[in-house]
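Colleague: I would like a close look at a single part of this model. Please take the salt bridges and the helices that carry them.

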Amino acid sequence: MAGAGGDKPFAKAGPSPLSRVLRISQLDAFELDGALEQLVWSQFTQCFQHFKPGLLTPVEPELKALLQLLLWRFTVYSNSATVGQSLLNIRYKNALIPGQKYRPMSQPQKFWFALLTVGEKWLRERSHSLFLNHPAESNARKARMVLSIWTGLTKVASLVNFLLFLQRGTYPTLTERLLGVQPVFRGPQGPRDINFQFLNRELLWHGFAEFLIFLLPLINVWKLKASVAALFSPLKELRGTEGSEETHCTECAICGEWPTMPHSAGCKHVFCYYCLKSHTIADICFTCPKCGVETGTIEPVRLHIGTELHQS
């Protein structure tokens, strides 16, 4: 009861629009952004799959930067949120302005965000070719050395920043900390209803797939195929006329092509040597897929264009 012992009724809990986002949600947003960039790039390269190979290689960093700028224009610049953040109901706020009211990213913050994300990726991919084919004592080589040192220091700073993020839960990237932008929820988050129906279905199909992976190698596919074929087509006599022998000698009983190095295996059908040998090695109880007879001794067969069959 509300009045007993001074207890007060519980209010409906829910974070405010400016409440901090969970660490896992912030990291999930980065994973979604990376997956989207890869998807856009793969779709873009498929448009040139019938062109000359390597056509996009000389300008690949510039094309990637252009596509990333296009995404930035319609996400961060327009809505102060990346695609991954929009899917998780998150957006950036300007943390440099104190107060509880939501403040979107300023124009300088948006442009610096594009420069530090898109520009940094482009410089990292293009730096090797920019400073290539220069003398060892040239200014270009010195600039490359300075850039390598700067990249190493940036990685160390990013590592320290990520450790601080794990401890405090804010600013997962060094760019966000330098610009003073922080992800917040777009609106109040209601209680999360956990539904185990999808999880149970995934576990069921996963177990069924593991069972099939265990069972399928134990099934003799060729013997099963020969048995099914024998049910629908009556077995013929092992010894036929010369005309029927000519018909059976025109194609391999396994691959259906003209037999290469023709061999027989105890029935009137002819096989390619490699087809027959590979299947008998894989299955010691291999049967003819045409008549279902279990293979015996492998013997070479000499064929003539006149369709005369001679056992050698």
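Modeller: What follows goes through the salt bridges, then the helices around them.

This is a predicted model. The chain has 11 helices and five strands. The structure holds four salt bridges. Three of them are described here, one pair at a time.

Start with lysine 121 and glutamate 37. They form a salt bridge, and their closest N and O atoms are 3.2 Å apart. Lysine 121 sits in helix α5 (residues 107–130) and glutamate 37 in helix α1, so this pair ties together parts that are 84 residues apart in sequence. Lysine 121 counts as partly exposed, because its relative accessibility is 26%. Glutamate 37 also counts as partly exposed, at 27%.

Next comes arginine 126. Its salt-bridge partner is glutamate 62, with the closest N and O atoms 2.7 Å apart. Arginine 126 belongs to helix α5 and glutamate 62 to helix α2, so the pair ties together parts that are 64 residues apart in sequence. Arginine 126 has 13% relative accessibility and therefore counts as buried; the cut-off for buried is under 20%. Glutamate 62 is partly exposed, with a relative accessible area of 31%.

The pair of glutamate 120 and arginine 124 stays within one helix. Here the closest N and O atoms are 2.5 Å apart. Both residues lie in α5, four residues apart, about one turn of the helix. Glutamate 120 is partly exposed, at 39% relative accessible area. Arginine 124 counts as partly exposed as well, at 45%.

Now helix α1, the home of glutamate 37. It covers residues 23–46, which is 24 residues. From first C-alpha to last it reaches 35 Å, close to the 34 Å expected at 1.5 Å a residue. Its buried residues are Ser25, Gln26, Ala29, Asp33 and Trp41. They pack against several elements. Among the helices are α2 (60–74), α4 (83–87) and α6 (139–168). The strands β1 (90–94) and β2 (181–185) are packed against too. Helix α2 thus appears twice: α1's buried residues pack against it, and it holds glutamate 62.

Some context from the whole chain. Of its 312 residues, 27% count as buried. Among contacts with a separation of 6 or more, 55% are between residues 24 or more positions apart. The chain exposes about 21,700 Å², and carbon and sulfur atoms supply 64% of that area.

Terms used: Residues numbered from 1 in each chain as written. Predicted model: local features only at pLDDT ≥ 70, side-chain atom pairs only at ≥ 80, totals over all residues. Heavy atoms only, no water. Helix = DSSP H or I, 4+ residues; strand = E, 2+ residues; numbered from the N terminus. Buried < 20%, exposed > 50% of the residue type's maximum accessible area, 1.4 Å probe, protein only. Contact = heavy atoms within 4.5 Å. Areas by Shrake-Rupley, 256 points an atom, 1.4 Å probe, with all protein chains shown as cover. Expected span 1.5 Å × (residues − 1). Salt bridge = Lys/Arg side-chain N within 4 Å of Asp/Glu carboxyl O.
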